[in-house]
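Here is a short report on a single protein chain. It starts with enclosed space, then turns to the fold and to local backbone features.

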Amino acid sequence: MRASAQRSLTFAACLFTAALSAAPSAPARSIAPQDRTLLEDLERRAVLYFWNESDPSTGLVLDRASAEGGRAKGPSRDVASIAATGFGLTAICIGAEHHWIPRDQAQTRVRNTLQFLASKAAQEHGWFFHWMDVSTGERKWDSEMSSVDTSFLLAGVVTAAQYFSDDSDITRLARQIYDRVDFAWMLDGDSLLLSHGWVQGKGFLKYKWEAYSELPLLYLLAIGSSTHPISPDSWYAWQRPLYSYGPYHFISGGPLFTHQYSQAWVDFRNRRDRGFVDFFQNSVNATRANDLYCLNLANLFPLSFGPDIWGITASDSTKGYKVYGEIKQFEAVDGTVAPCAAGGSLMFTPDISIPALRAMRDHFEDRVYRKYGFVDAFNPTLKWFDSDVVGIDVGITLLSAENLLTGNVWRWFMANQTVPHAMDLVGFSEPLGPATGLPKTTKPQHRRSHSTPQPARASAPAKGTPSPAPAGPGESVPASARRAARYPLPAAPSPDGAP
């Protein structure tokens, strides 16, 4: 990285760290029995999704399905997501651990999945198609060999191998799948920044993973590879735009899920990189900003937000898959609520996430809470309730809940030394305190139990300051925006027939 950019980044990071340090903290809280019951029921339903809505022979998991079970209507009917499959491998471990799935059946499903991925699924230098036919693995929707979606698959592969470490076939296949991935090839000639993917017959996508998003897991897997590693300097090559909303300061650039996905597996608690960034606390702040943004919009959408309900991210909507957030380049908020926003942040902010999920379930009942847990999204303002669930959104809620309750996913994934070794190479500090038990949370500076504050410029988005970027192409379109553009599926009709 160029020295001037490094100095500017370090200065910005110091200011950011000071903002974090200034925030009051509260001790880790225990989970009340009734809350644990809610989360365990949500987890069981989520595990059932990954067990039922996958092909037993390929192990591939459907990108979406009906909230009542069975295939979704329309073009998604037979489409599997490689990212959802990574969540699914982890879900099977959770199911086996809690005895919701017989261990021998779980082990067989994992072994079959890894065998398919290792020897039958199409791949290019170890990278997999973003979307595939659930039963054959054939390419769907002209999708790319996706770097970030493959990273979520690899996280599931590594987790499953660690959980079933007594099965030599599973550990051998997992190592084969991971070691085959040519991370250096995905640089596409760049010295530091990975490409978003490769398209058969066209070559590499022009976009690079060059700004904070769902990328941390991808870079750590690449840096820690024993066969095709990239430079540890890559970790500091991508931009870290700083945003502020109310009292919250955070690095961002994408919707809320970008703060959740990598940390479903990577345990960043109580650690900082050489840029002085505590990524766990950063996600706590981003989550609280999302909550406050929804609270400040409650006067505009009183049927959707408040007194406890909040949560916007990339999700279904009345007009297809949209990207909502507190940053101005996202879709304008229209009252759509995504339960996975709060659900995927359980590991960060249980004090506001659990009440949100409980309020959604209790208030809207089976309009939002069904066979596989919460529907992907709903919009009471428009009298619309989704009839689908989306695999990655079910998955992030499941993994986040499990990390909150047990820390299991963090423990299983981090027991493999690949990512811990990568974090050492990058220069992460040793944990500043114990990384066990429940996460410590920043004391909220707004409480929904109090009178609702007057929203100052309620619709005003978070303000951001771009950090320096290395020389190269201009800023890329956020990956989530491109996903929405490639995923223009009509939203499912409301159960009551409303548009």
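**Cavities**

This is a predicted model. In the lining of the largest cavity, at least two residues each come from α2 (33-52), α9 (339-343), β16 (373-374), β19 (388-390) and α11 (391-405). The top contributor is α11, with three residues. The volume of the largest cavity is about 130 Å³. Its lining has 14 residues, and those closest to the centre are Phe374, Val375, Asp393, Val394 and Thr397. By class, the lining of the largest cavity holds ten nonpolar, two polar and two charged residues.

How many cavities of 30 Å³ or more are there? The count is four.

The second largest cavity holds about 50 Å³. Its lining consists of Phe50, Ser54, Gly59, Val61, Thr85, Gly88, Leu89, Ile92, Arg109 and Thr113. Two elements, α3 (82-97) and α4 (103-119), give two or more residues to the lining of the second largest cavity. The largest share is that of α3, at four residues. The table sets the two linings side by side.

| Cavity | Nonpolar residues | Polar residues | Charged residues |
|---|---|---|---|
| Largest cavity | ten | two | two |
| Second largest cavity | four | five | one |

**Chain as a whole**

The protein chain has 14 helices and 21 strands. It runs to 499 residues, and 61% of them count as buried. Take the contacts between residues at least 6 apart in sequence: 75% of these join residues at least 24 apart. About 18,200 Å² of the protein chain is exposed, and carbon and sulfur atoms supply 52% of that area.

**A three-strand sheet**

One open sheet has three strands in the order β2-β4-β7, with antiparallel pairing. Its edge strands are β2 (61-62) and β7 (131-133), each pairing on one side only. Two bridges link β2 to β4 (residues 79-81), again in the antiparallel sense. In this pairing, valine 61 stands opposite serine 81 in β4. Val61 also belongs to the lining of the second largest cavity.

**Arginine 45**

Arginine 45 lies in helix α2. Is arginine 45 buried or partly exposed? Its relative accessible area is 26%, so arginine 45 is partly exposed. Leaving out residues up to four places away in sequence, arginine 45 touches Tyr369, Arg370, Lys371, Tyr372 and Gly373. The C-alpha atoms of arginine 45 and valine 394 are 9.2 Å apart, although 349 residues separate the two along the chain. Val394 is among the residues closest to the centre of the largest cavity.

**Helices α7 and α13**

Why is α7 described as largely enclosed by the rest of the structure? Because nine of its nine residues are buried. They are Pro216, Leu217, Leu218, Tyr219, Leu220, Leu221, Ala222, Ile223 and Gly224. The cover over these buried residues of α7 includes β6 (127-128), α5 (147-163), α6, α12 and α13.

The packing can also be read from α13. The buried residues of α13 (residues 418-426) are Thr418, Val419, Pro420, Ala422, Met423 and Val426. These pack against α6 (168-180), α7 (216-224) and α12 (408-415). After α13 comes glycine 427, with a positive phi near 100°.

**Backbone features in loops**

Where does the chain hold a cis peptide bond from glycine to proline? It runs from glycine 306 to proline 307, with omega near -5°. Proline 307 sits in the loop between α8 (279-296) and β13 (314-315).

Two residues other than glycine with positive phi also deserve a check. Aspartate 142 has phi near 50°. It lies in the loop between β7 and β8 (145-146). With a relative accessible area of 60%, aspartate 142 is exposed. Asparagine 270 has phi near 65°. It is found in the loop between β12 (248-251) and α8. Asparagine 270 has 25% relative accessibility, so it counts as partly exposed.

Key: Residues are numbered from 1 along each chain as its sequence is written. This is a predicted model: local features need pLDDT of at least 70, side-chain atom pairs count only at pLDDT 80 or more; totals for chains, interfaces and linings use all residues. Side-chain values use heavy atoms; hydrogens and water are left out. On a 1 Å grid over the protein atoms alone, a cavity is a set of points where a 1.4 Å probe fits but cannot get out, and a pocket is an open set with protein on both sides within 12 Å along at least five of seven lines; lining residues have an atom within 4 Å of a point. Grid points are joined across faces, edges and corners, and a volume is the space filled by probe spheres set on the points. Ala, Val, Leu, Ile, Met, Phe, Trp, Tyr, Cys and Pro count as nonpolar, Asp, Glu, Lys and Arg as charged, and the others, Gly among them, as polar. Buried means under 20% relative accessible area, exposed over 50%, partly exposed in between (1.4 Å probe, protein chains only). Contact means heavy atoms within 4.5 Å. Accessible areas come from the Shrake-Rupley method with a 1.4 Å probe; for residues, only the protein chains shown count as cover. Two strands pair if DSSP finds at least two bridges between them.
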